[in-house]
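Please open the model in your viewer and keep the sequence panel beside it. The tour below moves from one selection to the next and says what can be found at each stop.

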Amino acid sequence: MIKTLASRIWTFLKSFQLTIVLLALLMCLVVLCTLAQVEMGTQGAVNAYMRSFFVKKQFAALPFAIPVFPGGGLVGLLLTLNLIAKTLDIQRTWQKAGMWLVHAGLVILFAGEFVAGMMQVDTNMSIEVGQTVNYVQSYKNMELAVIDVTDPAWDEVYSVPDTLLSRGGAIPIPGTPITLNVKRYFPNSELSNLAPGMPPSMATAGVGPGIAIVERPTVTNDNELNTGSVFVEPVAGGRSYGTWLASMAIGAPQSFTHEGRTYSLSMRLLRQYLPYSFTLKQFRHDVYPGTQIPKNFSSLVQVVNPSQKESREVLIYMNQPLRYEGKTFYQASFGKNDTLSVLSVVENPGWLLPYVSCVLVSLGLLVHFAIVLRRSLKRRQDKKEA
Amino acid sequence: MLKTSMFPRHSRSFIAKASFLAGTGLLALAVGCGRDQVSHYRVPKEAVADHPDHPGHEMEGMPPAGGDMPAPPRPAGAGALKWSLPKGWSEVPGEGMRFATFKSPIQGRHEATVVVLPGAAGGELANVNRWRGQIGLGPIDEAALAAARVVVKSKAGALNVYDFTSEGQAKSRMVAGLISTPDGNTWFLKLTGDAGPVAKAKPDFMRILESLRLD
């Protein structure tokens with residue numbers, strides 16, 4: 001009974017019909033995902049359609065979203081299993097060595113996409129001419145930065161990610177006597193000056209008491225940014241320092257002092273500090289003579305890495321990214337009258353996999369061709385001899 | 001809970017990386033969980049206090065302006081500042097926390113804004129250093145702050161005015177004045193943009209600052 005079931009599953013997994021259905025589903029997903037980008041933005045659509053196991057839809061009558069279509073993750077997983085099943089079905093002989101290589105290459109290509117989907121981190125770095133930057137920042141994710149600014153030369157930065165803020169409750173800041181009590185977190189909000197007669201703010205310290213806040217639905221579009229805000233109460237040594245409003249919309253610095261150490265609170269895009277720094281020496285935006293059509297964008301950066309005793313100039317330009325310490329820096333955008341350069345930074349531990357896959361598939365096809373050619377020549381020879 | 005990493009190292013050989021990929025699934029889970037921790041970094045103080053291209057940072061850190069955003073309730077009564085606009089200038093009510101935006105007849109990229117924040121809004125030095133950061137200049141200390149300060153007299157009281165120009169190929173300039181009102185609010189009036197248009201608009205902008213009054 002179990003044996004028949006297993007063999008049925010095996011037959012199902014290695015069937016060609018399954019391949020065809022899955023490829024058709026994948027084509028539908030590509031079309032749907034492309035159309036969805038208009039409303040959801042590139043990243044939003046890719047996450048909803050490609051990097052999920054099911055495409056979910058929210059119906060007004062239901063409190064939760066229900067799956068309506070298989071997502072890229074599920075189709076990809078089944079396609080990978082289908083491919084592996086097919087590969088294992090190939091005879092284990094030297095005659096089939098080429099086919100083995102081709103299939104192994106394809107499996108690696110699929111694995112590469114899973115690695116990218118789950119582990120790739122997209123960030124960016126904006127540098128102005130003459131400026132030195134030692135961090136990359138997220139496009140969408142936010143953090144509450146609690147910074148001990150007491151030391152005149154160094155900042156101790158404690159980053160509380162938005163995912164942690166959204167859970168609420170008490171968050172101890174390790175290495176400091178501070179515990180943050182998250183009173184309320186707004187993934188997206190709108191701030192305005194508090195008018196007379198409006199209910200008082202939850203905040204009791206900093207600029208917060210004079211500000212009114214309204215929750216807004218979150219946005220995923222590429223050119224929109226959520227205005228994350230949070231009411232937090234720092235408590236240290238049994239003493240409360242009041243409730244503060246930190247928001248992406250508040251630029252004014254807010255800080256409190258506990259036992260001689262000053263801590264600032266600010267909501268900002270999630271940063272990842274790097275053990276090296278980039279200084280933008282020159283940004284070039286060349287156009288074709290007599291037109292405004294861009295010919296070239298390039299950033300000349302000085303890369304300084306004290307741990308490697310390294311300091312060198314690198315030119316990053318279109319289609320010529322810098323691969324450094326596991327990250328790839330692409331020339332992405334510019335601004336402020338060509339004095340600001342924006343580098344898109346991608347960290348994908350599996351970036352090598354598509355290349356490995358291409359080499360394997362090419363090699364496999366060559367080997368297979370050679371084997372078939374040899375066999376065919378041999379047949380012809382045999383015919384002649386006969 | 002704590003991910004204390006002075007500076008996480010990422011250099012690994014390609015071979016090590018390839019073998020590393022064997023446990024992809026588990027690793028992905030681990031990475032996924034890693035974002036929910038308080039991270040600690042020890043970093044040199046930033047020369048630039050703010051991120052240059054953060055939306056809203058150019059204008060006092062205001063929320064991204066949405067088309068359907070209602071005009072903010074205006075501080076009223078004794079605290080509300082009034083001003084007279086020079087010829088050719090116009091005023092648009094602000095959005096979000098911005099109180100107002102001035103439109104000047106001068107061509108070129110520049111903008112004049114009015115923002116009101118409760119209390120001292122972090123202090124003069126911190127705000128001035130934040131503004132300097134927005135045009136790529138390093139922070140200054142109290143002594144340099146006093147040297148850079150120009151006091152402009154108005155009917156509403158004395159305004160502290162600062163004028164900074166960035167370095168670099170295309171220069172940005174910022175003329176900013178701040179004044180505290182009796183109700184405890186701090187008003188920020190800023191003229192920012194490319195150095196050329198800002199220089200042209202500055203005389204008119206200074207006239208606006210001189211015209212400030214409390215009715």
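Because this is a predicted model, please read each stop as a description of the prediction. Begin in chain A by selecting helix α2 (residues 16–50) together with helix α3 (residues 72–89), whose axes come within 9 Å and cross at roughly 150°. An angle over 145 degrees counts as roughly antiparallel, and α2(A) and α3(A) are therefore roughly antiparallel to each other. The crossing of these two helices, α2(A) and α3(A), is left-handed.

To see what makes the contact, show the side chains of Leu18(A), Thr19(A), Leu22(A), Leu25(A), Leu26(A), Leu29(A), Tyr49(A) and Met50(A) on α2(A), and then add Gly72(A), Val75(A), Leu78(A), Leu79(A) and Asn82(A) on α3(A). Of the residues in this contact between α2(A) and α3(A), 10 are nonpolar and 3 are polar, while no charged residue takes part.

Staying in chain A, select strand β14 (residues 261–287) next, along with strand β4 (residues 132–148), and you will find the two paired in the antiparallel sense over 12 bridges. A place to look within this pairing is Tyr135(A), which has Tyr273(A) of β14(A) as its bridge partner.

Now add strand β13 (residues 254–258) of chain A, which is joined to β14(A) by 5 bridges and runs antiparallel to it. Here Gln254(A) has Leu265(A) in β14(A) as its bridge partner. The hairpin of β13(A) and β14(A) has 2 residues between the strands, and Glu259(A) takes a positive phi near 45° there.

With β14(A) still selected, bring in strand β15 (residues 294–305) of chain A, which is antiparallel to β14(A) and joined to it by 10 bridges. Asp286(A) finds its bridge partner in Asn296(A) of β15(A). Between β14(A) and β15(A) lie the 6 residues of their hairpin, and in its turn Gly290(A) has a positive phi of about 80°.

For another hairpin in chain A, select strand β6 (residues 169–172) and strand β7 (residues 178–186), which pair in the antiparallel sense over 4 bridges. Gly169(A) stands opposite Val182(A) in β7(A), and in the hairpin of β6(A) and β7(A), with 5 residues between the strands, Gly175(A) takes a positive phi near 85°.

Turn now to chain B, which has 5 helices and 11 strands. Buried residues account for 34% of the 215 residues in chain B, and among its contacts between residues at least 6 apart in sequence, 61% join residues at least 24 apart.

In what order do the 7 strands of the open sheet in chain B follow one another? Stepping across the sheet, you meet them as β4-β5-β6-β10-β9-β8-β7, with antiparallel pairing. The edge strands of this sheet in chain B are β4 (90–93) and β7 (150–154), each of which pairs on one side only. From one strand to the next, the twist averages 20°.

Within this sheet, select strand β9 (residues 172–180) and strand β10 (residues 185–194) of chain B, which pair in the antiparallel sense over 9 bridges. The bridge partner of Ser180(B) is Thr186(B) in β10(B).

For the last stop, select helix α5 (residues 195–210) of chain B, which lies across β6 (110–118), β7, β8 (157–165), β9 and β10 of chain B. Its direction can be judged against β10(B), to which helix α5 of chain B runs at about 155°.

Conventions: Residues are numbered from 1 along each chain as its sequence is written. Chains are lettered from A and ligands numbered from 1 in the order in which they are written. This is a predicted model: local features need pLDDT of at least 70, side-chain atom pairs count only at pLDDT 80 or more; totals for chains, interfaces and linings use all residues. Axes are lines fitted to C-alpha atoms, for helices over the stretch in contact, and angles run from 0 to 180 degrees between N-to-C directions. Angles under 35 degrees count as roughly parallel, over 145 as roughly antiparallel, 65 to 115 as roughly perpendicular and the rest as oblique. A crossing is left-handed if the near helix is turned anticlockwise from the far one by less than a right angle, and right-handed if clockwise. Two residues are in contact if their C-beta atoms, placed from the backbone, lie within 7 Å. Ala, Val, Leu, Ile, Met, Phe, Trp, Tyr, Cys and Pro count as nonpolar, Asp, Glu, Lys and Arg as charged, and the others, Gly among them, as polar. Two strands pair if DSSP finds at least two bridges between them. A residue is buried if 20 or more other C-beta atoms lie within 10 Å of its own, exposed if 12 or fewer, and partly exposed in between; C-beta atoms are placed from the backbone.
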